[in-house]
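Please look over the chain shown below, with attention to its secondary structure, its packing and a few individual residues. The report that follows moves from one buried position outwards to the helices, the sheets and the loops.

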Amino acid sequence: MSTKRDYYEILGVTKTASAAEIKKAYRKLALEWHPDRNKSAGATDKFKEITESYEVLSNPQKKQSYDQFGHAAFDPRYGGGNAGGNPFAGTQRQGPFTYTYSSGGNTQGFDFSDFSDPFEIFEQFFGGGNPFGGARARRIPRYGLQISFMEAARGVTKTVMIDGQKRIIKIPAGVDEGQQIRFTDFYVTLEIEPDPRFKRDGTDIFLDEQIPLTMAILGGTIEVPTIDGTVKLKIRPGTQPGTMLRLGGKGIKRLHGSGSGDEYVRLQIRIPERLSRRQKELLEEFEREE
C-alpha cells in the first residue's frame, strides 16, 4: 500500500476546493517551504511534496484520475504515471506559471517523475537562483509581465528593461492569463489584471447592465460598452430580469484563427427604493387594470 500522504491533505484543501483555492493554497505553502527560505530539516522534501500535490490537483485530468484511483493512478506498476523520460526538459507547468525550457546538468539525485521543475518557482517568486546547486545550462530567461484586461484584448506594445537594456515587445490582441510568449532570446509570461465590468470566458466576454423598471416594461435604447467603444442596444418592451443579449463579434479576438468571440449583456432590472405618492397611485392603478 502506498505510504504517500493524501494530496488534498498536503495542500490543506478539500476535494470540493475550486481551482483558485488550490492555487492559493499551493502558492502560500510553496513560499513557506521553499528550501532557499526555509532552512529547517526536511524542507526540500516538503517542498517537493507540495509541488507534486499541486501538479496533480491543478490538472483536471490528473485530478480526476487521482480522485478515482488515488496514488496508484501514477504508479507505473499499475499502468499509470510516467515510466521514463527527462523530467527537466519539455513543456511543463509549475504552479500558476506555464513554461517551456531546456536544461542540462546534475539533478542532484531528485526524481520528480513527470512533475514540475522545482527550481522554477524560486525564479518566479524570488527573481533567480538555484537553491539546490548544480548546473542548469542553456536556460532561456523567463520574465513576468502584468497588463490590463483591455491591453490583452486589443494588443499592446511595451518597453521593458531586460538585463539593463530597453526592449520593445509586442503583445498580440487576444492573449489570455498565464500565456507565455517566446521572443528572440527570452520568454514572457502574462498576468492580466481583471476588469471591473467585463468578465472573460475564452474569447467571449460578459457584462451586467442595469436598466430602469420603466424601460424593462416599455422598452427603449441604451448604450453599452464593448472593448472597441460603446454601441446602442435596443431593449424590447416586457424585458425580464436576467435577459441575455448577444453582440456578435464584439468579444476577444481569436489569437489563433480569424474573427472574434461574442459579447453577452445580461440585463438587470433596477427597482426604485423610494416612490412618490403619485408613483404609488399609478402602480396601484396599473395593478388593478391587469
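Does Ile50 count as buried or exposed? Ile50 has 0% relative accessibility, and therefore counts as buried, where buried means under 20% relative accessible area, exposed over 50% and partly exposed in between, with a 1.4 Å probe and protein chains only. The model is predicted, so that local features need pLDDT of at least 70 and side-chain atom pairs count only at pLDDT 80 or more, whereas totals for chains, interfaces and linings use all residues. Residues are numbered from 1 along each chain as its sequence is written, and side-chain values use heavy atoms, with hydrogens and water left out.

**The chain as a whole**

The chain holds eight helices and 13 strands, which are DSSP runs (H or I of at least four residues for helices, E of at least two for strands) numbered from the N terminus. Of its 290 residues, 36% are buried. The exposed area is about 17300 Å², and carbon and sulfur atoms supply 49% of it, by the Shrake-Rupley method with a 1.4 Å probe. Among contacts (heavy atoms within 4.5 Å) between residues at least 6 apart in sequence, 50% join residues at least 24 apart.

**Helices and nonpolar cores**

Ile50 lies in helix α3 and, leaving out residues up to four places away in sequence, touches Ile10, Leu11, Tyr26, Leu29, Ala30 and Trp33. Its C-alpha is 9.8 Å from that of His34, although the two are 16 residues apart in sequence.

The largest nonpolar core has 19 residues, of which Leu11, Val13, Ile22, Leu57 and Tyr66 touch the most other members; such a core is a set of buried Ala, Val, Leu, Ile, Met, Phe, Trp, Tyr and Cys residues joined through side-chain atoms within 4.5 Å. Two or more residues of this core come from each of α1 (7-11), α2 (19-33) and α3 (43-57). A second, separate core comprises 18 residues, including Leu207, Ala216, Val265 and Ile269.

α3 packs against helix α4 (residues 60-69) at an angle of about 100°, with the axes 6 Å apart; axes are lines fitted to C-alpha atoms, for helices over the stretch in contact, and angles run from 0 to 180 degrees between N-to-C directions. α3 and α4 are therefore roughly perpendicular to each other, a label for angles of 65 to 115 degrees. At this contact, Glu55, Val56 and Leu57 in α3 meet Lys62, Lys63 and Tyr66 in α4. Apart from neighbours within four places in sequence, Tyr66 is in contact with Arg5, Asp6, Tyr7, Tyr8, Val56, Leu57, His71, Ala73 and Phe74.

**Sheets and strand pairs**

An open sheet of four strands runs in the order β8-β9-β13-β12 with mixed pairing, where two strands pair if DSSP finds at least two bridges between them. β8 (199-201) and β12 (244-247) stand at its edges, each with a single partner strand, so one side of each has no neighbour in the sheet. Direction ignored, neighbouring strands of this sheet are turned by 30° against each other on average.

Another open sheet has three strands in the order β3-β7-β6, again with mixed pairing. Its edge strands, β3 (142-147) and β6 (180-182), each pair on one side only.

The table sets out three strand pairs, each with one facing pair of residues.

| Strands | Sense | Bridges | Facing residues |
|---|---|---|---|
| β12 and β13 (residues 263-270) | antiparallel | four bridges | Leu245 and Val265 |
| β4 (residues 156-162) and β5 (residues 165-171) | antiparallel | seven bridges | Thr157 and Lys170 |
| β3 and β7 (residues 187-192) | parallel | six bridges | Leu145 and Leu190 |

**Two loop positions**

β4 and β5 form a hairpin with two residues between them. Asp163, in the loop between these strands, has a positive phi of about 55° although it is not a glycine; because its relative accessibility is 67%, Asp163 counts as exposed.

Gly249 is found in the loop between β12 and β13 and, at 40% relative accessibility, counts as partly exposed. Gly249 and Gly259 are ten residues apart in sequence, with a C-alpha to C-alpha separation of 7.1 Å. Not counting residues up to four places away in sequence, Gly249 touches Ser260, Gly261 and Asp262.

Technical notes
Angles under 35 degrees count as roughly parallel, over 145 as roughly antiparallel, 65 to 115 as roughly perpendicular and the rest as oblique.
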